Amino acid sequence: MAFYVVQFLTGLASAASLFLVASGLSIIFGVTRIVNFAHGAFYMIGAYIAFTLTERFSGAFGFWGGVVVAALAVALIGVLVEMVLLRRIYHAPELFQLLGTFGLTLMVEDLVVLIWGPDDLVGRRAPGFRGAVDFFGQNIPSYDLFLIVLSPVVLGILWLLFQRTRWGVLVRAATQDRDMVAALGVNQKWLFTSVFAVGVFLAALGGALQIPRDAVHHAMDLRIIVDVFVVVVIGGLGSIVGAFVAAVLVSELNAFGILIFPKISIILVFLVMAVVLIVRPWGLFGKPEAAARKTPGLTVNPWRPLTSNERLAALATLVIAAMLPLFAGNYALTVGSEIAIFVIFAVSLHFLMSVGGLASFGHAAYFGLGAYGVAFLAKMAGLPMIVCLLLGPLLGCMGAAVFGFFAVQLSGVYFAMLTLAFAQIVWSIAFQWVSVTGGDNGILGVWPASWAASPSHFYWLALGVAALVTIALRIAVFSPFGYALRATRDSLLRSEAVGINAKRIQWTAFVIAGTTAGIGGALFAYLKGSVFPDNLGISLSVDALVMVLLGGVETVSGGVVGAIVYKALNIWLVSQTDLSKMVLGGFIVLIVVVFPKGIVGMLELLAQRRKKSSPPGSSLLAKPIESAE
Amino acid sequence: MSVAPPLLAVEGLTKSYGGIHAVRGVSFSLRAGEILALIGPNGAGKSTCFDMLNGQNKPDTGHVRLLGEETTAKKPREIWRMGVGRTFQITATFATMTVRENVQVALISHGKQLFNLWGSAPNVDRGEAGRLLELVGMGGYADRPCGELAYGDLKRLELAVALANEPKLLLMDEPTAGMAPRERVELMRLTAQIAREKSIGVLFTEHDMDVVFEHADRIIVLNRGTLIAEGSPAEVRGNPQVQAIYLGEGLLYEAGHREGASA
């Protein structure tokens, strides 16, 4: 019995950091409507700075002072970020906000390695809380007890701040109707900045307080942000009490899940999240959002199928691409195969995002599932390559069917967070379930059959499949289903009023996109000869998002162009610099702020400007993307 | 009363929010080809009533029947499948698609082709879409992006979309709100003409009394959630209670003002 009590208390202690970070995210979202992906990064910087300060200054004052100063310093960084970056994207579609802050996260990851090095740093114990308390023969670290007391105290302070101060009243008012608050003469800029600073302070404090419990390392940002997303989805975005309750719930589920399913404890959290989403889609303490904002900006230029000339041009490009083995070496062909596979991956997400308006932040899950599907079939069942290629993607299809069912119940940022959480769950299973997936060591020796083994043959295979997939999805865009999907994206109200079951349509699109991604993953497994958890990791999901955005989210063929340019750039970049995340992150921020229409979008714009002599249409187009508020 | 059930039969519809009775025991019916206006001052319960007819909102008690079939618990899309077209007070259209594509989506849905992944949608029901657009006078706009249309044209497009499933009943929530006076008359004249030709029943809410008295066959008047009058335009115009609400607004306002309560 005592053991379970101790386990419960450990869970409560873990909830403290989670609550601090999640409440910060919730407060920021409530007022600015931005889901701050960089929140995990601020948590991490908080931990690193606190580590440095507590190492430098000894004694109780050094430790506690260091923790608070670290959080304040990070809050200051947050203010800078808000003023320089976020103020530029408050009116952008939420997808761009998520991506912009994600770009920031990538930059920070490289930055902390640059400053503090790649190794785990083990911090000091907290002065006054070094020992452990004996509880019927079980030890409880006294620092855990401190954390258990801390979270309700912080909750209380936040409550007082919001209920009893003028600033709190303004924040609550802005959470309900920020336009009205602005109309009443409140300086919105500084309100937003101060709210962001408070949110970031809480995140950094959560990171700093984590030092005595856990090592500081440069991947802790993604780990916490996924947990935090799960917490706010369960608790309800924008609700601090919800963040508290859900943080405790998730931490306890983790603490006891380890006892029940030691290998795949994360399943338990997923099940609870799924139940909450079915019963209360907006979280335990959340309120239903007003109709979700549209993800892509409004295209004034309607989509149309290719003309016969354009078809010929596309065919000619394909023929030229197919002639690559005549003059290129093996390395170039392998790169070419990888690019072709990423074209498949990008067009699959593009279909979901551009046509369906559903921005999945965890699309790599289905890519990776396709890869694992192939690896299982080839290594365990020993099936021939062609059978594996046909059946492997079905794992991606099944994953998309299960997760997609829940994901399409939500929209907008909730959809993005949920897909990300699902992807992370799949990743955790691949990582933790060593006996089946090989864990971190992956599954090796997935080699192609002799007919596809040579680089040129494999290149032709990948290119051919990529061409088929692209054509098939283009046909789907201009099929009755594609029209219906665009209809649900443009107006849920109207599509329901003309008899369209929007969720079914969106679910179908999700499954199509997931299966297609699985096809890419299946080829990828054979290209690399192995499968690793990274094949379904977050960074791959984000690669897909960047490819789509780079190509142009409002276009029909942006995915193809985006994938080719991005992947070529990426492969080249990785060979040139050690700071690839820094460059990539900077690149993402740049796209979001100055280049939101992507390459194909820009080309269309130029072509249209040349064609149209009358400026009204083009001046409308030339405006930066703004949400249709 | 005839033996055949009326096109639309509403019985004892009631809805309250907290302690506020938005709609109390409203009953009325509508025949095929009849144009019925639902009027009443702001806050009378028109919108709540309307939303319960089209499935956006569920009544606490009461029934809505379409040709004898219960629609009360059905979703908007199911009610549409039973032959009810609707237009919104604030137009809802597919903004990134062309005018023709907007109508085609409705036709695709009507033809149960929604999950057809292979066909060429630009060619699906192209002729029928063109005919519907001609019918509402939008034939020349078929290839225009819907997002570029003027508001009055959007309203006409909505009418074309609403007609796509060959409806038996049209529900129009303030069809002429936000339109210029001349456009209002044109749109309602068009609606009335189509309704009589195709024998479609029309129920509409409206603030503009000129539009109501000119085009409605029959009028029902809601006030504070209850039906206070029903009859031909002439009867309703002569009803003292209705006059008190509409024509006597100024007096009521003054009276309410003096007592410190709102009218």
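Two strands pair if DSSP finds at least two bridges between them. That criterion is used throughout this tour of a predicted model, which begins with chain A as a whole and then moves to the interface and to the sheets of chain B.

**Chain A as a whole**

Select chain A. Its secondary structure amounts to 29 helices and four strands. The C-alpha trace spans about 75 × 60 × 50 Å along its principal axes. For 629 residues, a compact globule would have a radius of gyration near 25 Å, and the value for chain A is 25 Å, which agrees. Of the 629 residues in chain A, 55% are buried. Among contacts in chain A with a separation of 6 or more, 80% are between residues 24 or more positions apart.

**A buried methionine in α2(A)**

Next, select Met44(A), which is located in helix α2 (residues 39-56) of chain A. Is Met44(A) buried or exposed? Met44(A) is buried: 30 other C-beta atoms lie within 10 Å, and the cut-off for a buried residue is 20 or more. To see its surroundings, add Val108(A), Val112(A), Gly207(A), Met220(A) and Asp221(A), with which Met44(A) is in contact once its neighbours within four places in sequence are left aside. Then display the C-alpha atoms of Met44(A) and Ile224(A): they are 9.0 Å apart in space, although the two residues are 180 apart in sequence.

**A helix pair in chain A**

Two packed helices are described by the angle between their axes and the distance between the axes. Select helix α15 (residues 364-380) and helix α18 (residues 412-432) of chain A, whose axes come within 9 Å and cross at roughly 30 degrees. Angles under 35 degrees count as roughly parallel, and α15(A) and α18(A) are therefore roughly parallel to each other. To inspect the packing, show the side chains of Ala364(A), Ala365(A), Gly368(A), Leu369(A) and Tyr372(A) in α15(A); these meet Phe422(A), Ala423(A), Val426(A) and Ala430(A) in α18(A).

**The interface between chains A and B**

Now display both chains. Here 28 residues of chain A are in contact with 34 residues of chain B. On the chain A side, select α21 (455-477), α22 (480-490), α23 (492-497) and α24 (502-528), the elements that give two or more residues to the side touching chain B. Which of these elements gives the most? The answer is α22(A), with eight residues.

**The six-stranded sheet of chain B**

Hide chain A and turn to the open sheet of six strands in chain B, with the order β6-β7-β8-β3-β9-β10 and mixed pairing. The edge strands are β6 (84-87) and β10 (226-231) of chain B, each of which pairs on one side only. From one strand to the next, the twist averages 15 degrees.

Centre the view on strand β8 (residues 201-205) of chain B. Five of its five residues are buried, so β8(B) is largely enclosed by the rest of the structure. In a regular strand the side chains alternate between the two faces of the sheet. Both faces of β8(B) are covered, with Gly201(B), Leu203(B) and Thr205(B) buried on one side and Val202(B) and Phe204(B) buried on the other.

Add strand β3 (residues 35-39) of chain B, which runs parallel to β8(B) and is joined to it by four bridges; Ile35(B) stands opposite Val202(B). Then add strand β7 (residues 169-173) of chain B, also parallel to β8(B) and joined to it by five bridges, with Leu169(B) opposite Gly201(B). Follow the chain from β7(B) through helix α6 (residues 181-198) to β8(B): this β-α-β crossover is right-handed.

Continue to strand β9 (residues 218-223) of chain B, which is antiparallel to β10(B) and joined to it by five bridges. In this pair, Val221(B) stands opposite Ala229(B). Finally, select helix α1 (residues 46-54) of chain B, which lies across β3, β6, β7, β8 and β9 and runs at about 145 degrees to β7(B).

**The four-stranded sheet of chain B**

The last stop is an open sheet of four strands in chain B, with the order β2-β1-β4-β5 and antiparallel pairing. At its edges stand β2 (20-30) and β5 (69-70) of chain B, each with a single partner strand, so one side of each is left without a neighbour in the sheet. Select strand β1 (residues 8-17) and strand β4 (residues 61-66) of chain B, which run antiparallel and are joined by five bridges. Within this pair, Thr61(B) in β4(B) is the bridge partner of Thr14(B).

Conventions. Residues are numbered from 1 along each chain as its sequence is written. Chains are lettered from A and ligands numbered from 1 in the order in which they are written. This is a predicted model: local features need pLDDT of at least 70, side-chain atom pairs count only at pLDDT 80 or more; totals for chains, interfaces and linings use all residues. A residue is buried if 20 or more other C-beta atoms lie within 10 Å of its own, exposed if 12 or fewer, and partly exposed in between; C-beta atoms are placed from the backbone. A crossover is right-handed if, with the strands pointing away from the viewer, the path from the first strand over the helix to the second runs clockwise. The radius of gyration is taken over C-alpha atoms; the globule rule is 2.2 Å times the number of residues to the power 0.38. Two residues are in contact if their C-beta atoms, placed from the backbone, lie within 7 Å. Axes are lines fitted to C-alpha atoms, for helices over the stretch in contact, and angles run from 0 to 180 degrees between N-to-C directions. Angles under 35 degrees count as roughly parallel, over 145 as roughly antiparallel, 65 to 115 as roughly perpendicular and the rest as oblique.
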